[in-house]
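Here is a short note to help you find your way around a structure you have not met before. Have the sequence and the view open side by side, and take the points in order.

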Amino acid sequence: MEKTFNLTRRDDGIAILTMDVPGESMNTLKAQFGPEISEILAEIKSDSCIRGLVLISGKKDSFVAGADISMLDACKTTGDAKALSQQGHVVFNELEALTIPVVAAIHGACLGGGLELALACHQRVCSDDGKTMLGVPEVQLGLLPGGGGTQRLPRLVGITTALDMMLTGKQIRPKQALKMGLVNDVVPQTILLQTAVEMALAGKRAPKPVKKSLVNQVLEGTSFGRNIIFDQATKQVEKKTQGNYPAPAKIIDCVRQGIAKGMQKGLEVEASHFAELVVSKESEALRSIFFATTEMKKETGAEGASPRKVKKAVILGGGLMGGGIASVTTTKAKIPVRVKDISEKGLSNALAYAYKLLDKGVKRRHMTPAARDNLMALMTTTTEYKGVKDADIVVEAVFEDLALKHQMVKDIERECGEHTIFASNTSSLPISQIAEAATRPENVIGLHYFSPVEKMPLVEVIAHAKTSPETIATTVAFARKQGKTPIVVQDGAGFYVNRILALYMNEAAQLLLEGQSVEHLDKALVKFGFPVGPITLLDEVGIDVGAKISPILEKELGERFKAPAAFDKLLGDDRKGRKNGKGFYQYGASSKKAKAVDESVYGVLGIKPGTNKDAKAVAERCVVQMLNEAVRCLEDGIIASPRDGDIGAIFGIGFPPFLGGPFHYIDTLGAANLVRILEGYQSQFGNRFEPCERLKTMAQENAHFF
């Protein structure tokens with residue numbers, strides 16, 4: 001059997017321990033490594049010639065990317081999970097207890113269990129490479145660092161900094177890591193090993209005291225001050241998670257107990273908390289999302305087709321969407337872009353938009369001004385079809401007007417090559433209707449981004465009946481290069497995400513007209529786990545946009561999509577939401593940080609807010625509409641699988657990740673239970689709540705999606 005750990009001895013007495021998991025592109029820690037490491041550590045202890053040890057990775061781009069997450073699914077009980085954590089504690093304690101100096105030489109990803117391994121070494125040096133990132137992202141999977149991280153990290157970098165790292169899961173760059181005391185040195189990769197060897201030869205050093213801000217020095221120095229830190233952190237966590245995620249509170253508790261009662265007690269608490277989180281339904285849901293997105297990265301989106309290379313893109317329209325799409329194409333995908341707009345103003349807007357986003361990186365010192373300017377140079381503009389002949393893909397982001405989109409298709413077929421893909425960023429018009437104007441309909445596809453483009457991870461790739469598999473594969477690969485998570489959906493009004501969102505929003509509007517206050521509605525759904533409430537979302541997206549999409553959905557999909565008539569009154573009062581500073585909430589300089597409701601909106605709608613119903617009941621009524629419609633999309637073949645439906649809802653509209661997506665959540669609720677709830681509402685409010693056929697069948701057969 002090939003070994004993962006190889007020990008080589010140098011003439012100067014320093015031994016090099018290289019970790020290289022056979023047959024994998026990244027190093028991950030697996031449970032079965034325990035005995036192998038213990039054996040090597042015993043060999044090191046028994047060899048008096050070894051004066052120091054350097055730990056390094058045999059992979060060219062990563063140190064250790066973390067623990068192997070699939071081994072967590074093998075844990076059937078908390079006992080299994082606790083044993084896993086404790087085994088890690090034993091090995092890392094042995095490493096830390098070596099009497100010779102142990103140095104970790106870090107290049108590339110050093111995350112989760114990888115950073116915990118490095119923390120058990122006596123010193124750390126990392127490369128100054130852009131690929132080098134350190135962090136403990138376990139919280140993003142509903143877990144905590146279970147290999148001693150909750151104990152060693154605060155002792156090394158201070159409580160406040162450690163909590164910040166563990167509660168956000170953010171990744172730390174080399175310079176930052178040096179400044180906060182996470183590593184002892186940062187050097188070019190070419191001299192990484194040499195530097196680590198020199199550090200080992202120099203012998204064990206007491207770590208330099210971390211430079212802390214005055215406030216943190218005062219607070220972390222006394223038990224009273226530390227309690228303030230823990231209480232503040234707990235308050236912030238509760239506000240952010242609405243009590244829906246158990247991991248953050250457990251992370252705080254591990255640090256609190258470890259600092260108060262010592263390392264041994266801290267490790268005990270860590271192993272118990274870790275075990276409870278591994279078997280929690282929240283972590284199970286978050287891990288399912290992780291596996292789904294990993295699996296999707298390996299798929300081309302079209303069976304048997306491979307993508308063509310995209311060397312140049314054209315964006316039609318320099319508005320907010322066009323500017324955002326152009327920006328992620330140059331900065332993330334590093335693909336040259338030509339932006340075409342009818343006016344110079346549109347073009348300067350698109351350039352300004354991209355510049356502003358890049359300049360943030362310069363201000364935060366993540367990027368040099370020269371690097372910013374090089375990326376900006378990838379974006380060029382034109383008001384006529386000049387310099388577009390060699391485009392491999394054209395993304396159209398103009399107004400939702402079919403005649404205008406038909407004109408664009410004809411223009412592109414005339415001005416570009418026979419293989420040029422025409423991708424439309426429409427949010428509601430069926431792609432087959434746009435393709436009617438094409439002589440090469442196989443090149444026409446939908447590519448639906450969400451606003452703001454640079455922040456929203458999802459993109460829907462929409463194939464109509466005539467789209468070729470190669471066009472699908474090329475578009476999916478293009479979206480991935482832009483840093484997006486693409487899901488392939490079939491053509492139909494509203495596609496997937498807007499279709500399930502529309503019914504949810506309509507139900508929130510119905511509740512508003514029945515006398516629920518704006519704040520109460522928004523709070524109820526944030527408490528349920530959405531990032532923002534439905535009324536805030538309507539203001540953000542634009543009330544006018546909602547008004548445009550509703551009739552299209554109603555015409556294509558039926559009566560249940562009919563928007564409340566009262567909404568015309570909002571547009572009559574020129575309320576479009578944030579974009580014109582008039583909506584449900586107050587905007588402008590006078591509005592404070594916490595947004596206030598514009599109370600005059602009730603008068604416009606002709607309603608008076610009455611008594612607020614139970615928040616759970618309010619949320620349920622909106623959410624079951626979304627769940628029912630998601631299953632209908634699967635039934636209609638709009639989405640290919642429940643997995644794609646879950647990813648689309650989580651990344652596209654912020655469906656609560658801890659529930660795993662609409663289909664995972666239906667499995668948790670039980671189909672029969674959901675049908676019962678829907679039928680209850682149907683008898684009360686009419687047929688818009690009628691459960692779809694597939695749900696009824698599943699209820700009878702007690703079937704599950706997963």
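The points below go from the whole chain to one helix and then to two strand residues.

1. **What you are looking at.** Please keep in mind that this is a predicted model. The chain contains 30 helices and 17 strands. Its radius of gyration is 28 Å, close to the 27 Å that the globule rule gives for 706 residues, so the chain is as compact as a globular protein of that length. Along the principal axes, the C-alpha atoms fill a box of roughly 80 × 60 × 55 Å.

2. **Inside and outside.** Of the 706 residues, 55% count as buried. The chain exposes about 31,200 Å², and carbon and sulfur atoms supply 54% of that area. Among contacts with a separation of 6 or more, 74% are between residues 24 or more positions apart.

3. **Charges.** There are 87 positive and 81 negative charges in the chain, and the mean positions of the two sets lie 6 Å apart.

4. **Helix α15.** This helix covers residues 344-363, and at 1.5 Å a residue its 20 residues should span 28 Å; the end C-alpha atoms are indeed 28 Å apart, which agrees. Its buried residues include Leu 347, Tyr 353, Leu 358 and Val 362, and Asp 359 is also one of them. What lies over these buried residues? The cover includes helices α14 (320-331) and α16 (369-376), along with strands β11 (337-340) and β12 (379-382). Just after α15, look for Arg 365, which takes a positive phi of about 65°.

5. **Gly 446.** You will find Gly 446 in strand β15, residues 444-449. Is Gly 446 buried or exposed? It is buried, because its relative accessible area is 0% and under 20% counts as buried. Leaving aside neighbours within four places in sequence, Gly 446 is in contact with Ser 424, Ile 431, Glu 460, Val 461 and Ile 462. For a sense of distance, Gly 446 and Gly 603 are 157 residues apart in sequence and 40 Å apart in space, C-alpha to C-alpha.

6. **Glu 396.** Strand β13 (residues 393-396) holds Glu 396. This residue is buried, with a relative accessible area of 0%. Not counting residues up to four places away in sequence, Glu 396 touches Leu 316, Lys 405, Met 408, Phe 422, Ala 423, Ser 424 and Asn 425. Ser 424 is worth locating in the view, as it is listed for Glu 396 and also for Gly 446.

Key
Residues are numbered from 1 along each chain as its sequence is written. This is a predicted model: local features need pLDDT of at least 70, side-chain atom pairs count only at pLDDT 80 or more; totals for chains, interfaces and linings use all residues. Side-chain values use heavy atoms; hydrogens and water are left out. Helices (H or I, at least four residues) and strands (E, at least two) are DSSP runs, numbered from the N terminus. The radius of gyration is taken over C-alpha atoms; the globule rule is 2.2 Å times the number of residues to the power 0.38. Buried means under 20% relative accessible area, exposed over 50%, partly exposed in between (1.4 Å probe, protein chains only). Contact means heavy atoms within 4.5 Å. Accessible areas come from the Shrake-Rupley method with a 1.4 Å probe; for residues, only the protein chains shown count as cover. Lys and Arg count as positive and Asp and Glu as negative; His and the chain ends are not counted. The place of a charge is taken as NZ of Lys, CZ of Arg, CG of Asp or CD of Glu. The expected span of a helix is 1.5 Å times one less than its number of residues.
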